[in-house]
Amino acid sequence: MRPGCVLVFCMCISVFLRRAISQPPTETDTYTECTDGYHWDPQTQHCKDINECETIPEACKGEMKCFNHYGGYLCLPRSASVIPAPDPPNQVHPSLENMASESFNLCPSGFEPQGDSCVDVDECERDSHDCQPSQQCFNTEGSFSCQCPDGYRKVGTECIDIDECRYRYCQHRCVNVPGSFSCQCEPGFQLAGNNRSCIDVDECGMGAPCSQRCYNTYGTFLCRCEQGYELGPDGFACNDIDECSYSSYLCQYQCVNEHGKFSCVCPDGYQLLGTRLCQDINECETGAHQCSDGQTCVNIHGGHKCVDTKSCQEPYVQVSENRCMCPVTKPSCRDMPYSIVHRYMSITSERSVPSDIFQIQATSVYPGAYNTFRIRSGDDNGDFYIRQINNISAMLVLARAVNGPREYVLDLEMVSVNPLMSYHTSSALRLTIYVGPYAF
């Protein structure tokens, strides 16, 4: 490549034979030779620039691009921006006739006579400079200078854009534009006051679309939900968690889903114990029953029963609040238990079996008597059996799992026999068993 980007003027050599300025030359010899980078154009009778980018095969190698200019060419990066200059004015080489028509100037180049002195010529003001349209003309003493605007650098006679992004002025992204550049930030950041650095944006303080909790992080933000909610697919909305659908063991009886939580409820006759268990309400103790004066309140699982205080039936007579006796003087009492004691109890449904539920204890024992225990009546389905512990006590055992609500009336009999004295008697315990409707 020919060195420099200096505008080389086509020069034509004129030889004139006379030195006299005031008279026209009598003989002129004109040579049609041009400097390097130009060729003689016979039609215009001037030297014309050669476009080396077209005439030289592969004038620039690699990734370089060829740019033609007056008297030569440049190899520049393909990203370079070159502002082309207009065609130079026709170069008319001074001839003897031109020189004869000009007045003689005794001042140095760049000056002109004014009176008896020489003053500087402002080429910029007279527009007699050769600065490119993209350049700025600055007058100097006896001459002028062509300077490129900010953001451009001068390469020869051309002003080429400076790619400021090569110098990494920006923290995140740099966008080069002709004569300048701009910095841009990644999402979640904003440009600082110096227009180059990027600072984090607090999206939470700027109205991030989190429905509940917002946590600002470097360059972004996170949405979180309160307990009992879960983050939706969009990452912003919080949806209620139906805890009741996850497990059937959260509540002993029934789970009720609520916004952000759940609660346990109990059936009628029960009250919540803690947060999930149900406890029977003893209406007999709280006074929530409606039993009359002639009745006794019996608490059962999930409710209560009002039983008559006087519950003895013929041929039995009432001897105490819950004890009936059959007099031996009555013939009908011969095959009947001598006494019946009334008892009441309640058990839950689905109780595991076998299960001891009630212990029978003799209150009076005759010397030398042998006692045996049996279920006299009320167990038609064989749901219970007696397990004797010793001579004076036995255990009522639940043999099968039962579901409520249900009611059993069992006559548990103790038979006493003394063979030496030919003594034989019995007494009964009338046990009413209420089976509750639930397993609690």
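**Entry 1: a salt bridge to start with**

I began with E413, which forms a salt bridge with R376, and I found their closest N and O atoms 3.2 Å apart. This pair links distant parts of the chain, with E413 in strand 34 and R376 in strand 31, 37 residues apart. A reminder to myself before going on: I am reading a predicted model.

Next I checked how open the two partners are. E413 has a relative accessible area of 3%, so I put it down as buried, the limit being under 20%. R376, at 33% relative accessibility, counts as partly exposed.

I also asked which residues share a network of salt bridges with R376. I noted R374, R376 and E413 as linked in one such network.

**Entry 2: another pair from strand 34**

I stayed with strand 34 and looked up D411. D411 forms a salt bridge with R430, and here the closest N and O atoms are 2.8 Å apart. Distant parts of the chain are linked again: D411 sits in strand 34 and R430 in strand 35, with their positions 19 residues apart in the numbering.

Is D411 buried or exposed? I have D411 as buried, with a relative accessible area of 9%. For R430 I wrote down 24% relative accessibility, which counts as partly exposed.

**Entry 3: a pair that involves a loop**

Then I moved to E226, which forms a salt bridge with R213. Their closest N and O atoms are 2.8 Å apart. E226 lies in the loop between strand 18 (220–224) and strand 19 (229–231), while R213 belongs to strand 17 (residues 213–217), so the pair ties together parts that are 13 residues apart in sequence.

I looked up the accessibility of both partners. E226 is partly exposed, with a relative accessible area of 33%, and R213 is partly exposed too, at 36%.

How many salt bridges does the structure hold? I counted 11 for my page. A general note I keep beside that count: side chains of opposite charge can pair when their charged atoms come close.

**Entry 4: the largest pocket**

I turned to the largest pocket and noted a volume of about 810 Å³. Its lining has 37 residues, and Y338, S339, S426, S427 and A428 lie nearest the centre.

Which strands each supply at least two residues of the lining? My list reads strand 29 (339–347), strand 30 (355–361), strand 31 (370–377), strand 34 (406–418) and strand 35 (423–435). Strand 35 gives the largest share, seven residues. I met strand 35 earlier as the home of R430, and strand 31 as that of R376.

I sorted the lining by class as well. It has 19 nonpolar, 10 polar and eight charged residues.

**Entry 5: a hairpin**

I looked at strand 9 (residues 136–140) and strand 10 (residues 143–147), which pair in the antiparallel sense over five bridges. I followed N139 across to strand 10 and found F144 as its bridge partner. The hairpin has two residues between the strands, and there G142 takes a positive phi near 85°.

**Entry 6: backbone oddities**

Before this search I reminded myself that most residues other than glycine have a negative phi, and most peptide bonds are trans.

I noted two cis peptide bonds. The bond from E314 to P315 is cis, with omega near 10°, and P315 has its place in the loop between strand 26 (303–308) and strand 27 (317–320). The bond from V353 to P354 is cis as well, with omega near -10°. P354 lies in the loop between strand 29 and strand 30, and both of those strands appear in my pocket list.

I then looked up positive phi values outside glycine. E58 has a phi near 50° and is placed in the loop between helix 1 (52–55) and strand 5 (64–69). E58 is exposed, with a relative accessible area of 59%. R168 has a phi near 55° and lies in the loop between strand 12 (158–161) and strand 13 (173–177). R168 is exposed, at 74% relative accessible area.

**Entry 7: the whole chain**

I closed with the totals. The protein has four helices and 35 strands. Of its 440 residues, 31% are buried. Among contacts between residues at least 6 apart in sequence, 38% join residues at least 24 apart.

Terms used
Residues are numbered from 1 along each chain as its sequence is written. This is a predicted model: local features need pLDDT of at least 70, side-chain atom pairs count only at pLDDT 80 or more; totals for chains, interfaces and linings use all residues. Side-chain values use heavy atoms; hydrogens and water are left out. On a 1 Å grid over the protein atoms alone, a cavity is a set of points where a 1.4 Å probe fits but cannot get out, and a pocket is an open set with protein on both sides within 12 Å along at least five of seven lines; lining residues have an atom within 4 Å of a point. Grid points are joined across faces, edges and corners, and a volume is the space filled by probe spheres set on the points. Ala, Val, Leu, Ile, Met, Phe, Trp, Tyr, Cys and Pro count as nonpolar, Asp, Glu, Lys and Arg as charged, and the others, Gly among them, as polar. Two strands pair if DSSP finds at least two bridges between them. A salt bridge is a side-chain nitrogen of Lys or Arg within 4 Å of a carboxyl oxygen of Asp or Glu. Buried means under 20% relative accessible area, exposed over 50%, partly exposed in between (1.4 Å probe, protein chains only). Contact means heavy atoms within 4.5 Å.
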